[in-house]
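Biologist: I am new to this structure and would be grateful for a close look at a single part. Please describe the nonpolar interior and its setting.

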Amino acid sequence: MIILSASDIKKSYGTDVILENISFHVNAGDKVGIIGANGAGKTTLLNILSGQLPYDSGNIFVAKETTIGYLKQRDQFDPNRTVMEEVRDIFGELEAMEKEIQELNERIAAAPASGQQAESAALWNRLGTLQDEFARRGGYTYKSEIRGVLTSMAFGEKTLDQKTGSLSGGERTRLALACLLLRKPDILFLDEPTNHLDIGTLKWLEQYLKAYSGTLILISHDRYFLDQVVDHVFEVSNKHLTCYTGNYTAFAEKKRLLRDAQLKAYTKQQTEIRRQEDLIRRYKERGTEKLAKRAASREKRLSHVERLEKPEAERRAMKIGFDQNIQSGSDVLLAEGLAKTFYGKDGPRELFHDVNFDIKRGERICIVGANGVGKTTLLRIITEETEPSAGYLRIGHNVEFGYYDQGQMLLSDDLTVIDEIHETYRLYKEGELRNILGRFLFTGDMVFRQVGSLSGGEKARLSLLKLMMGGANVLVLDEPTNHLDIASKEAFEEALEEYPGTVITVTHDRYFLNRVPDRILELTPEGMTEYLGKYDYYVEKKEALGSGKAYLRQLADGTQEASSARESGGNRRDDAVERAGTGGLSAAAEREQKKKREAEERRRKREIERLEALIAELEEKIKAGEQEMLKPENQADHTALARIGSRIQAEKEELEAVYEEWAALAEA
């Protein structure tokens, strides 16, 4: 069933046409990804479809009684309001009804037993009607729904009273998503929903959106995310929209094949047209009546041929080439026991400790980790912009850092684009700088625009240009693909692959992580874990190490073996000391003690095995519960979601307690 369609939509600002001849339809349950270059009009299209922006001409159809939820790139939260206040706004009508029901109950209770029967009957009738409406609209369950959804979005009790102005970008995105879910829209419009989300949250969002029973239309430059979530791709390019079936990888292949076929058909037709025109010219040159008639006939046929349009040239991508002025030494960075603690009014807050790594020349290292763990702080320690609280960092010979800041804080908003470059590289003439800027798609009068007026993608390109011109032999990059469109990301990745120096980058871009790094370093509060290879290997290895039952048994057996060795060694030493002091125990006493020790060890092993089985059982229950939450029938029932969420939380708490007991026994 068609839930949304557009026909010949046109949108312009003055004489500047943004979109034209936009036509498509979306069926209920479709998951559509809208892609295109920065500035192509994707957000404009989403604003038009959601009814927040008028259009010049055309028609839009939305199925009757369809509700729409829209996650914008920038939320509209009041920074002075709390998380819970923003969420409860959704249920303002229900809260008003709840208040009126309470007032009616109080008035009925205070009414005299006799007299004013008409007024009393009116109160009872109003109360009954209101209670029925309240129940129909979920008034008796909405509070538990709020708690359930917020819990699933990682908002615990301590964060509910936190001001939204103090939330991180990822927390604001999760809060906006929570508000959307509680509204239960039929169509979800999402504009760059993956911005500011760490890998764990991205994976959760993918799983949720895959199981979402409604219709999904989203804008994203995250190729991995698009591959996982969408089943249709709409490409906005040169003011037009083209529809493709499949995920991003399928789109890229179909687009290539389609363009090849169009170019082949166009070339073939042009060749035939030139051949016919040449024949017509030759016929006319002969001057005979018969050939003149043939020429006229061919001209007539040729005039009726429907001319194919030449396929549009592929969008020009950035031309990036990083080089180094000098080569660094073989040893680039060595860290031992790095730690960082911040001190505030609430006391010390440790980000991480015991961070160790050894980076050699030419390596491509990607650092991953949860939001707030200190990845950007670690980069600032590496580039000596801040000091570690503890530990040792050695920087190798001839190392020159080039730093890319994800917030583009190293750019001056008051300068023009060309002056921003000229301030740093004064030896270049204006013509040379304009040629260089043209390679990064800053053409014409764009070079005279103020940096502060640039979009996020344009600022990212300008920052990368300055980095390219710096000639550093170690590139330190903080979320470098944020704000870049897909074509620019691919050009950037190709440049890094050809760069002869060392690359150290923090990123959540999993497509990038599957293409660029030699090693992935995962930062946690307890230190750093190294994974050789790219993202898919990292995920596979992490899952095998973190949750596999075989790993638990292997770990337990290894610990038990070491523990047994320590225990038996200690017992031998204790026995020797006791024998030295008492002249030695009798053989019977020694055998009795040995039996007791062996019996105790058997009991310990049995208990460990029992706990391992319980751990496996609890993990299966939690996994089953999470899959149950993703079922379509439960997604629309927030009472069920809250109930399942509470059960999962209890199981997780029990699992944590069992793990502690298991660890204590294994290390005994």
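Modeller: The account below begins with the basis of the model and then turns to the interior. This is a predicted model, in which local features need pLDDT of at least 70 and side-chain atom pairs count only at pLDDT 80 or more, while totals for chains, interfaces and linings use all residues. Residues are numbered from 1 along each chain as its sequence is written, and side-chain values use heavy atoms, with hydrogens and water left out.

The protein chain has 668 residues, of which 43% are buried (under 20% relative accessible area, with a 1.4 Å probe and protein chains only). Its secondary structure comprises 21 helices and 18 strands, taken as DSSP runs (helices H or I, at least four residues; strands E, at least two) numbered from the N terminus.

The largest nonpolar core contains 52 residues; such a core is a set of buried Ala, Val, Leu, Ile, Met, Phe, Trp, Tyr and Cys residues joined through side-chain atoms within 4.5 Å. Those touching the most other members are Ile-146, Leu-150, Leu-175, Leu-190, Leu-209 and Leu-218. Helix H6, residues 169-183, gives the most to this core, with 8 residues. Leaving aside residues up to four places away in sequence, Leu-209 touches Lys-31, Leu-188, Leu-190, Leu-216, Phe-225 and Val-229, where contact means heavy atoms within 4.5 Å.

A second, separate core of 45 residues includes Tyr-425, Leu-433, Leu-465 and Ala-495. Leu-433 is also one of the buried residues of helix H13 (430-439), together with Ile-436, Leu-437 and Gly-438. Helix H12 (417-424) and helix H14 (456-470) are among what covers the buried residues of H13. Just after H13, Leu-441 takes a positive phi of about 70°.

Technical notes: Buried < 20%, exposed > 50% of the residue type's maximum accessible area, 1.4 Å probe, protein only.
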